[in-house]
Amino acid sequence: MADPVDPSLVQLLTPEGERVEHPDYHFDGDDDVIAGLYRDLVLTRRIDTEATALQRHGELGIWASLLGQEAAQVGSGRALAPQDYVFPTYREHGVAWCRGVDPIALLRLFRGTDQGTWDPDEHNFGLYTIVIGAQTLHATGYAMGVQRDGAVGTGEPGRDAAVVAYFGDGATSQGDVNEAFVYAAVTNAPVVFFCQNNQWAISEPTTRQTRVPLYQRAAGFGFPGVRVDGNDVLAVHAVTTEALQRAREGSGPSLIEAFTYRMGAHTTTDDPTRYRHSDEVESWKLRDPLERVRAYLRRVNAVDEQFFTDVEDEAERLGETLREQVRALADPDPTTLFDQVFVEQTPEIAAERDEFRTWSASLEEVAR
Amino acid sequence: MSRTVTMTMAKALNAGLRAAMDRDSKVVLMGEDIGKLGGVFRITDGLQKDFGEDRVIDTPLAEAGILGTAVGLALRGYRPVVEIQFDGFVYPAYDQIVSQVAKYRYRSGGRLSMPLVVRIPFGGGIGAVEHHSESPEAQFAHTPGLKVVACSNPRDAYAMIQQAVASPDPVIFLEPKRLYHSTKAEIDLDATPPPLFSSRVVRPGSTATVLAYGPSVSVAMGAAEAGVEDGLDLEVIDLRTLSPLDMGPVHESVRKTGRAVVVHEAHRNLGLGAELAARISEECFYSLEAPVLRVGAYDIPYPPSRVEESYLPDLDQVLDAVDRSLAW
């Protein structure tokens with residue numbers, strides 16, 4: 001675990017909720033903006049806890065919890081401009097929230113109803129990627145397209161775009177991720193590599209993946225890297241804003257290591273008690289990403305108590321809505337799957353679709 | 001006196017790996033989360049504790065790296081047994097498997113060997129998300145230089161994993177993940193198992209031959225039992241080895257029954273069924289009363305789990321294929 005007073009760690013809000021200065025990074029928003037971020041954090045956590053509960057009740061096949069990583073996701077997600085584009089892993093529920101993806105679309109995937117139904121181009125938020133690290137190359141290629149479209153370095157507001165690749169500490173070992181770093185560096189692509197170092201790749205601590213702090217890897221590839229307190233929504237927002245701006249203006253890629261912690265299991269099928277100590281988890285509870293924002297807002301009297309009650313009520317309603325929506329989800333008609341393989345249907349698959357239809361009808365006949 | 005233990009397939013594989021490690025100090029296990037966690041399916045449970053971190057290696061999260069370094073360890077005289085966490089995650093390592101593992105001996109003019117095992121939990125039916133339910137066996141069986149086997153029950157799992165580790169050639173070892181914890185079997189730890197690359201009649205019969213392997217063996221057996229009511233007497237063969245194929249028992253059976261149905265979870269197009277049908281028609285043409293029929297997955301990627309039951313071959317489809325064969 002990194003030293004909490006590690007000078008390389010960018011922090012703007014301490015775990016106790018005190019604003020601190022940093023020579024290079026500043027959070028520009030006012031207290032209303034911070035209150036808005038707080039609402040995002042609470043609602044994101046609620047989506048997550050609701051999904052975990054729904055999995056326990058058998059409504060979802062599996063759930064990958066983001067508990068503890070809310071600030072890393074909301075801080076970076078809220079730094080994005082509408083024209084920026086995100087390539088997520090399967091745990092970016094908070095970024096999805098910031099991009100306006102209906103949370104039920106995430107839950108559908110984990111229920112096993114489908115594999116992603118949101119329109120990536122409507123939200124500039126790509127499909128969840130389960131194979132570790134693959135999306136970092138996709139993000140880099142997308143950013144190469146952005147370059148070719150002349151959407152970098154024009155200075156026109158709303159035109160220049162950055163691409164963000166989300167990935168975890170485990171993924172940094174993958175060839176794909178290292179290749180993405182190479183491609184982004186040599187093409188000077190407008191991409192931000194956003195690594196949530198949550199300390200654990202299922203059961204393996206970060207020491208199984210690296211001997212140097214991950215952000216330092218960037219130097220070897222030829223672009224800047226920075227480590228930010230991933231549980232500090234203000235610092236994450238500030239650092240991401242700067243990296244996005246660099247990308248948009250044509251200064252190339254950068255790596256952000258959001259130093260955070262996976263408070264829950266890898267997924268609902270995992271049992272972390274087999275491989276990590278509870279005192280580690282307890283120590284990270286003291287750095288909770290929500291508590292410090294709440295403490296700050298109270299300290300400066302930025303909001304009244306009613307604000308907190310309203311946010312909690314909103315979270316409660318969101319949870320209720322999700323519960324109802326999940327329970328109402330119908331299974332897909334398998335026949336439709338045959339038509340989503342190719343743009344131009346092949347006679348073979350069309351024949352299999354008809355075969356499936358006939359077969360299903362015959363089973364229904366028997367059942368009757 | 002022989003020692004008999006009742007175990008699930010997961011425990012049997014664990015016991016088999018333990019025996020292989022006890023027998024040969026050059027056997028090392030490699031994979032993601034196989035140490036303290038014991039693997040996501042607990043197949044290596046307790047082995048790191050007992051054999052140490054040098055012999056049970058929690059690798060970085062990089063499948064190409066797992067296979068590539070296993071090649072190096074094998075060249076240094078070790079016997080790596082690598083675990084790929086899920087079937088769909090083998091592809092980053094596919095290049096190392098196909099271009100290096102499979103060709104190293106050939107490239108060296110037969111001087112070097114590649115005695116490593118790649119364990120892959122395969123198949124569906126566990127309600128998982130994408131990339132966790134695939135059946136990639138044909139891609140390996142199609143690659144010269146690789147041997148491919150699949151176990152279907154705890155007894156075979158216990159023996160076959162040890163035989164695979166002892167094999168001087170690279171073995172892709174496929175484990176039907178949905179059967180890991182489902183049923184127990186009595187295992188005689190001192191029994192002499194049949195050779196690794198051999199198929200076996202698991203239910204004798206006369207009406208038709210049903211060929212299966214891995215998870216589809218239990219489907220075929222279910223069909224055979226259900227078929228009794230309808231007067232069917234199906235012979236079921238557990239192929240066990242997919243490359244090389246052991247066609248002796250298959251040909252013998254088909255010459256007797258005159259009919260063959262192949263069942264697998266993999267896609268029908270260019271699946272094992274295609275090769276089996278070709279070989280049976282080449283060798284048993286005059287014995288056949290009907291073409292060899294295939295029961296397999298539709299040629300679409302694995303579906304979302306809520307509808308996987310309608311995608312996976314089931315006993316109704318097997319019996320339907322048998323009916324079609326009989327009606328030919």
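Before I start on the domains: the bounds I'll quote come from an automatic or database domain assignment. With that in mind, chain B splits into domain 1, residues 4–188, and domain 2, residues 200–326. And a reminder for everyone, this is a predicted model.

Let's stay with chain B for a while. How far apart are the C-alpha centres of domain 1 and domain 2 of chain B? They lie 26 Å apart. The two domains do touch: 23 residues of domain 1 of chain B are in contact with 21 residues of domain 2 of chain B. If you look at the domain 1 side of that contact, helix H6 (137–141), strand E6 (147–150) and strand E7 (171–176) of chain B each supply at least two residues. E6(B) gives the most, with four residues. By residue type, that side of domain 1 of chain B divides into eleven nonpolar, seven polar and five charged.

Now zoom out to chain B as a whole. Its secondary structure comes to eleven helices and 14 strands. Along the principal axes, the C-alpha atoms of chain B fill a box of roughly 60 × 45 × 45 Å. The radius of gyration of chain B is 19 Å, and because a compact globule of 328 residues would have one near 20 Å, the two agree. Buried residues make up 54% of the 328 residues in chain B. Of the contacts in chain B with a separation of 6 or more, 79% are between residues 24 or more positions apart.

Next, please find strand E10 of chain B, residues 208–212. Is this strand enclosed or open? Five of its five residues are buried, so E10(B) is largely enclosed by the rest of the structure. A quick reminder on strands: in a regular strand the side chains alternate between the two faces of the sheet. In E10(B), Ala208(B), Val210(B) and Ala212(B) point one way, while Thr209(B) and Leu211(B) point the other way, and all are buried.

Who are the partners of this strand? One is strand E11 (residues 234–238) of chain B, which runs parallel to E10(B) and is joined to it by five bridges. Within that pairing, Val210(B) stands opposite Val236(B). To get from E10(B) to E11(B), the chain goes through helix H8 (residues 216–228) of chain B, and this β-α-β crossover is right-handed. Strand E13 (residues 260–267) of chain B also runs parallel to E10(B), with three bridges between them. There, Leu211(B) has Val262(B) as its bridge partner.

One single residue before we leave chain B: Ser281(B), which is found in helix H10 (residues 272–283). Ser281(B) has 14 C-beta neighbours inside 10 Å, and a residue is buried at 20 or more and exposed at 12 or fewer, so Ser281(B) counts as partly exposed. Leaving aside residues up to four places away in sequence, Ser281(B) touches Leu288(B) and Val292(B). If you'd like a sense of distance across the chain, the C-alpha atoms of Ser281(B) and Gly35(B) are separated by 47 Å, with their positions 246 residues apart along the chain.

Over to chain A. Here the division is domain 1 (9–327) and domain 2 (334–367). The C-alpha centres of these two domains of chain A lie 39 Å apart.

The strand to look at in chain A is E8 (residues 254–259), which is mostly covered, with six of its six residues buried. One side of E8(A) carries Ser254(A), Ile256(A) and Ala258(A), the other carries Leu255(A), Glu257(A) and Phe259(A), and all of these are buried. Strand E4 (residues 191–197) of chain A pairs with E8(A) in the parallel sense over six bridges, and Asn197(A) stands opposite Phe259(A). Strand E7 (residues 225–229) of chain A is another parallel partner of E8(A), over five bridges, with Val228(A) opposite Ala258(A). From E7(A) the chain crosses through helix H9 (residues 233–249) of chain A to E8(A), in a right-handed β-α-β crossover.

Last stop, the place where the chains meet. How many residues are in contact there? 36 residues of chain A are in contact with 29 residues of chain B. On the chain A side, helix H4 (103–111) and helix H13 (347–367) are the elements that give two or more residues. The largest share, six residues, comes from H13(A). That side of chain A divides into 17 nonpolar, eleven polar and eight charged residues. Thanks, everyone, and do send the chains spinning on screen while we chat.

Key: Residues numbered from 1 in each chain as written. Chains lettered and ligands numbered in written order. Predicted model: local features only at pLDDT ≥ 70, side-chain atom pairs only at ≥ 80, totals over all residues. Contact = placed C-beta atoms within 7 Å. Nonpolar A, V, L, I, M, F, W, Y, C, P; charged D, E, K, R; others polar. Rg over C-alpha atoms; globule rule 2.2 N^0.38 Å. Pairing = 2+ DSSP bridges. Right-handed = clockwise from strand over helix to strand, strands pointing away.
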